[in-house]
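Open the model in your viewer and keep the selection box at hand. We will go from stop to stop, and at each one you will hear what to select and what is there.

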Amino acid sequence: FLFIPAQAREPQPADGAAGVDVTTALSWRAGRDAASYDVYMAGDPNELALVGTTAGVTLSPSDIEFGSTYYWMVDAINPDDANPTWGSALWSFSTQEYALIDGFETYNDDIDARTTIFDTWIDGWVNDTGSTVGYLDAPFAERRIVHSGRQSMPLTYDNSAVPFYSEAERTFDTAQDWTVGGADSLRLYFRGDAANLPQALYVTLEDSAGRTATVSSTDPDAIRTAEWQTWQIALSEFGGVTLSRVQTMVIGVGNRSTPTAGGKGIVYIDDIGFGRPAATQ
């Protein structure tokens, strides 16, 4: 009952865990009398390589990537023992495919505290486009039509008058690094309405130096579909923007570069993230 194993044990992430954050630290329960630990990890259980040595019981590998499965083990080292190396079991975990940029769950209806959805996502009342973010009366966020969680962002557009496009714009307090973890794509979910007139949905990114790039959807009828759809955009399409310093994100309806009169409607946005999908087997 009082025996303490010499091997490292009780791994975190737990063996077989899924959706693990790419910034996670590996940790384990100490082995008896261990002076240090050698940590081995790889994407193939037959190709484990040393990724670090530590005197503690945590280690943060620098190259964990989105949408990947990793195998790892820890050798407990006690140079004073007749058997100086005690290997742990082989463990595994899978990382998340996307890190959340905005799931729209944090906003409420407190106008005085400026914690409403339209205080973060600026609309036509401020940026002089045809957009309205949220509803005019509380609750301001959408709470019935959601992709996940409790809320989504309703984006009402009116492109019938100048400037003939509608934008919701978020500027981050701190520039965002969307290159970590081998990220290669931006993903968002959107849902339209059958009453909408065909219009292109687009995303514009601006970095901290003011460089911008825009990617438009190829199907203007997509916003007429009353079902949630995934829009996955290769980050490489935002040419010229420093993706390690993303300062502003714009979600728009219409065509800002060549604006023409369009219609009115509503689009719901949810679960915006960056990352990389897992490779198909």
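**Stop 1: strand S19 and its partners**

Select Leu-155 and Val-267: Val-267, in S19, is the bridge partner of Leu-155. Keep in mind as you look that this is a predicted model. Now widen the selection to residues 153-158, which make up strand S12; this strand and S19 pair in the antiparallel sense over 6 bridges.

Next, colour residues 264-275, the whole of strand S19. How many of its 12 residues are buried? The count is 11, so "mostly covered" is a fair description, as buried means under 20% relative accessible area.

S19 has further partners to visit. Add residues 185-191, strand S14, which runs antiparallel to S19 and is joined to it by 6 bridges. To find one of the matching positions, pick Tyr-189 and look across to its bridge partner in S19, Asp-270. Then add S10, which is antiparallel to S19 as well and is joined to it by 4 bridges. Here Tyr-98 stands opposite Gly-275 in S19. A general point helps at this stop: strands of a sheet pair through backbone hydrogen bonds, either parallel or antiparallel.

**Stop 2: a sheet of four strands**

Select residues 165-176, strand S13. This strand belongs to an open sheet of 4 strands, in the order S13-S18-S15-S16, with antiparallel pairing. Which strands are at the edges? They are S13 and strand S16 (212-216), each of which pairs on one side only. From one strand to the next, the twist averages 15°.

Now add residues 246-254 to show strand S18, which pairs with S13 in the antiparallel sense over 8 bridges. Pick Ala-168 and look for its bridge partner in S18, Ile-251.

**Stop 3: Arg-170**

Stay in S13 and select Arg-170. Is this residue buried or exposed? Arg-170 has 19% relative accessibility, so it counts as buried, the limit being under 20%.

Show the side chain of Asp-102 too: the side chains of Arg-170 and Asp-102 make a polar contact of 2.9 Å. Beyond its neighbours up to four places away in sequence, Arg-170 also touches other residues, including Tyr-107, Trp-121 and Met-249.

**Stop 4: Met-249 and the nonpolar core**

Move on to Met-249. Leaving aside neighbours within four places in sequence, its contacts include Trp-121, Arg-170, Phe-172, Trp-178, Leu-186 and Ile-272. Met-249 is one of the residues with the most contacts inside the largest nonpolar core, which has 57 residues. Trp-121, Trp-178, Leu-186 and Ile-272 are also among those with the most contacts there. In soluble globular proteins, nonpolar side chains tend to be buried together.

**Stop 5: aromatic pairs**

Select Phe-172 and Trp-178 and turn the view until you can see both rings. Both residues are buried. The count of aromatic pairs comes to 10. Phe-172 and Trp-178 form one that is edge-to-face, at 6.1 Å centre to centre and with 80° between the planes.

For another pair, go to Trp-28 and Tyr-37. Their ring centres are 5.5 Å apart and their planes are at 65°, so this pair is edge-to-face. Both Trp-28 and Tyr-37 are buried. Add Trp-72 and Trp-91 to your selection, and you have a cluster of four names, Trp-28, Tyr-37, Trp-72 and Trp-91, linked by ring pairs.

**Stop 6: a sheet of three strands**

Select residues 26-29, strand S3, which runs antiparallel to S1 and is joined to it by 2 bridges. Across this pairing, Arg-9 stands opposite Arg-29 in S3. The open sheet here has 3 strands in the order S1-S3-S6, with antiparallel pairing. Its edge strands are S1 (9-12) and S6 (58-59), each pairing on one side only.

**Stop 7: a loop residue**

Finish at Thr-115, in the loop between strand S10 (98-102) and helix H1 (117-120). With a relative accessible area of 29%, Thr-115 is partly exposed. Which residues does Thr-115 touch, not counting those up to four places away in sequence? They are Tyr-107, Asn-108 and Asp-110. Show the side chains of Thr-115 and Asn-108 to see the polar contact of 2.5 Å that joins them.

Terms used: Residues are numbered from 1 along each chain as its sequence is written. This is a predicted model: local features need pLDDT of at least 70, side-chain atom pairs count only at pLDDT 80 or more; totals for chains, interfaces and linings use all residues. Side-chain values use heavy atoms; hydrogens and water are left out. Buried means under 20% relative accessible area, exposed over 50%, partly exposed in between (1.4 Å probe, protein chains only). A polar contact is a pair of N or O atoms within 3.5 Å; within protein, one must be able to donate a hydrogen and the other to accept it, and residues adjacent in sequence count only if both atoms are side-chain atoms. Contact means heavy atoms within 4.5 Å. A nonpolar core is a set of buried Ala, Val, Leu, Ile, Met, Phe, Trp, Tyr and Cys residues joined through side-chain atoms within 4.5 Å. Two strands pair if DSSP finds at least two bridges between them. Axes are lines fitted to C-alpha atoms, for helices over the stretch in contact, and angles run from 0 to 180 degrees between N-to-C directions. Rings of Phe, Tyr and Trp (its six-membered ring) pair if their centres lie within 6.5 Å; planes under 30 degrees apart count as stacked, over 60 as edge-to-face and the rest as tilted.
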